[in-house]
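Subject: Structure handover and notes

Dear colleague,

I am handing over the structure below so that you can look through it at your own pace. Please keep it open while you read the notes that come after it.

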Amino acid sequence: MEIIQNYLKSLRDSGFYPEKYTVNYKNGNLVEIENQFNQEQRKVLTFCTNDILGLTQSELVRRTAIEAIVEYGTSNSSCSVLSGRIHLHTLLEQEISSFKGLPHTQLFLNAWMAMQALMDSFCHLSMPIPGFEHTQETLILTDVLNHDCITAAIVNASHSSSGQFFSRSPKVKVKPYRHCNVDDLASKLHRYAHSHERIMVVSDAVFSMDGDIAPLPDMLAVLQNYEGSVLVLDEAHASGAIGATGRGIYEHFNIEPHQAVTLGIEPIIMTTFSKFAASAGAAISTRFPELIELLDISRPCAGTISLAPSLTAAALESFRQVRQNPQLVKTLQANTDYLRSRLLEFEFNVLGQTNIIPVVLPNNINPKIFAQHLMEDYGIWVSPIWFIAKPRLRIVVNALHTLEEMDTLVAAMIAVRDVLLQK
């Protein structure tokens, strides 16, 4: 334990350790928070919540979650393989399949487990069977800026997956390619792909720290040269945010998943519920029912409790709200365009294209210090990033933000920048 204590002390002394807050109250984007280190309380305007459509505060979503607790209880108390599943699980899977344009969906507790189950099952086919020999190797190509849930799942699949742990299992080869660089992707495929291997390319659809969008049409153009290849897109930050009705990256580029199939490419989509869908959990969608059966008996699914009734109901109602009220997505996208344009107007270095708005500050300005000034002097809560990506402010705009609130943020950022540049 001593090494852990010494490390944490050095982490705090260096200023790398993040501030931690408890949210005591929320009304729209006005929240009351308490600093966990000094117990200081303040009311702030938040630009860091991932509740991008404001549905966590929807009365209908809340009521639906409560009704699910009344009907099914607070927990399913076991995994679905041992204790069955509730009807809400099936309804949510059907809703997601319709939303994403892929007919089969499997639920998971979170994105980390969903991605691990997918990689493990795809590469190693779950569990050993007497007399069945799996010999086909897998090549995985991954964007260097993919979310950690993807990176961790790939590392586990290539080193210590269930297939390799319990039996002799074929090799998994992992090759990263430069961020959103299709030329590098094509080069790596040409160099490393062999006819006996299965090929999987995996990418965030919207990148959580850069706010940019994967170049889907160009990726499909490259992959069509590798018939039977699999394209996995993590739509955690794309669902509800991009596309005319919030359906994600395929809709954003006016492409249907079945068009990938006609090119000889198998589309797989991961959806998460913690951003737009007012809940927690994740899902894998595919056109293959056999893959769903395999995921259902994977360790992250078969060995873990199923999604709680309230979470399932909240996500289900959120999907329905997005489908029935496309104006929610239009408002989010209008707010995104407005805030991005205002920040660019005042010469902030803004990255990306989406409602995740990274602002790279001058080299002599510490984003943590900048964010502290915003909170202490102007009552605005923005996430400083300095420990999981290149230093920046990470602003997240949502559908509940008003023009006045966004203008307040921009004015405060101008004032703080002026002060810090003078020091």
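The notes below go through the sheets, then two residues in loops, and then the empty spaces.

This is a predicted model, in which local features need pLDDT of at least 70 and side-chain atom pairs count only at pLDDT 80 or more, while totals for chains, interfaces and linings use all residues. Residues are numbered from 1 along each chain as its sequence is written, and side-chain values use heavy atoms, with hydrogens and water left out.

The sheets

Helices (H or I, at least four residues) and strands (E, at least two) are DSSP runs, numbered from the N terminus, and two strands pair if DSSP finds at least two bridges between them. One open sheet has seven strands in the order E4-E10-E9-E8-E7-E5-E6, with mixed pairing. Strand E4 (104–108) and strand E6 (172–177) stand at its edges with a single partner strand each, so one side of each is left without a neighbour in the sheet. On average, neighbouring strands of this sheet are turned by 20° against each other, direction ignored; axes are lines fitted to C-alpha atoms, for helices over the stretch in contact, and angles run from 0 to 180 degrees between N-to-C directions. Strand E5 (residues 138–143) pairs with E6 in the parallel sense over six bridges, and Thr 138 stands opposite Val 172 in E6.

Two helices lie across strands of this sheet, where contact means heavy atoms within 4.5 Å. Helix H4 (residues 87–100) lies across E4, strand E9 (266–272) and strand E10 (282–286), and runs at about 125° to E4. Helix H9 (residues 216–223) lies across E6, strand E7 (198–204) and strand E8 (230–234), running at about 160° to E8.

A second open sheet has four strands in the order E1-E2-E3-E13, again with mixed pairing. Here E1 and strand E13 (380–381) are the edge strands, each with a single partner strand, so one side of each is left without a neighbour in the sheet. E1 and strand E2 (residues 30–35) run antiparallel and are joined by six bridges, and the bridge partner of Lys 26 in E2 is Val 31.

How enclosed is strand E12 (residues 356–360)? Four of its five residues are buried, so E12 is largely enclosed by the rest of the structure; buried means under 20% relative accessible area, exposed over 50%, and partly exposed in between (1.4 Å probe, protein chains only). Strand E11 (residues 349–350) pairs with E12 in the antiparallel sense over two bridges, and in the hairpin of E11 and E12, which has five residues between the strands, Gly 352 takes a positive phi near 75°. E12 and E15 also run antiparallel, joined by four bridges, with Pro 358 opposite Arg 394 in E15.

Two loop residues

Asn 398 is found in the loop between strand E15 (392–396) and helix H17 (403–422), and it counts as buried because its relative accessibility is 0%. Its side chain reaches the backbone nitrogen of Leu 400 at 2.8 Å. Leaving aside neighbours within four places in sequence, Asn 398 is in contact with residues including Asn 29, Thr 49 and Asp 51.

Ser 306 is found in the loop between helix H13 (299–302) and helix H14 (309–324), and Ser 306 is buried, with a relative accessible area of 13%. A polar contact of 3.1 Å joins the side chains of Ser 306 and Asn 76; a polar contact is a pair of N or O atoms within 3.5 Å, and within protein one must be able to donate a hydrogen and the other to accept it, while residues adjacent in sequence count only if both atoms are side-chain atoms.

The empty spaces

On a 1 Å grid over the protein atoms alone, a cavity is a set of points where a 1.4 Å probe fits but cannot get out, and a pocket is an open set with protein on both sides within 12 Å along at least five of seven lines, with lining residues having an atom within 4 Å of a point. Grid points are joined across faces, edges and corners, and a volume is the space filled by probe spheres set on the points.

The largest pocket holds about 780 Å³ of space. It is lined by 32 residues, of which Cys 48, Thr 49, Trp 381, Ser 383 and Arg 394 are the closest to its centre. Helix H16 (367–378) is among the elements that each supply at least two residues of this lining, and H16 gives the largest share, four residues.

The structure holds one cavity of 30 Å³ or more, and about 130 Å³ of space lies in the largest cavity. Of its 13 lining residues, those nearest its centre are Gln 106, Leu 107, Cys 301, Ser 306 and Leu 307. E4 gives the most to this lining, with three residues.

Best wishes
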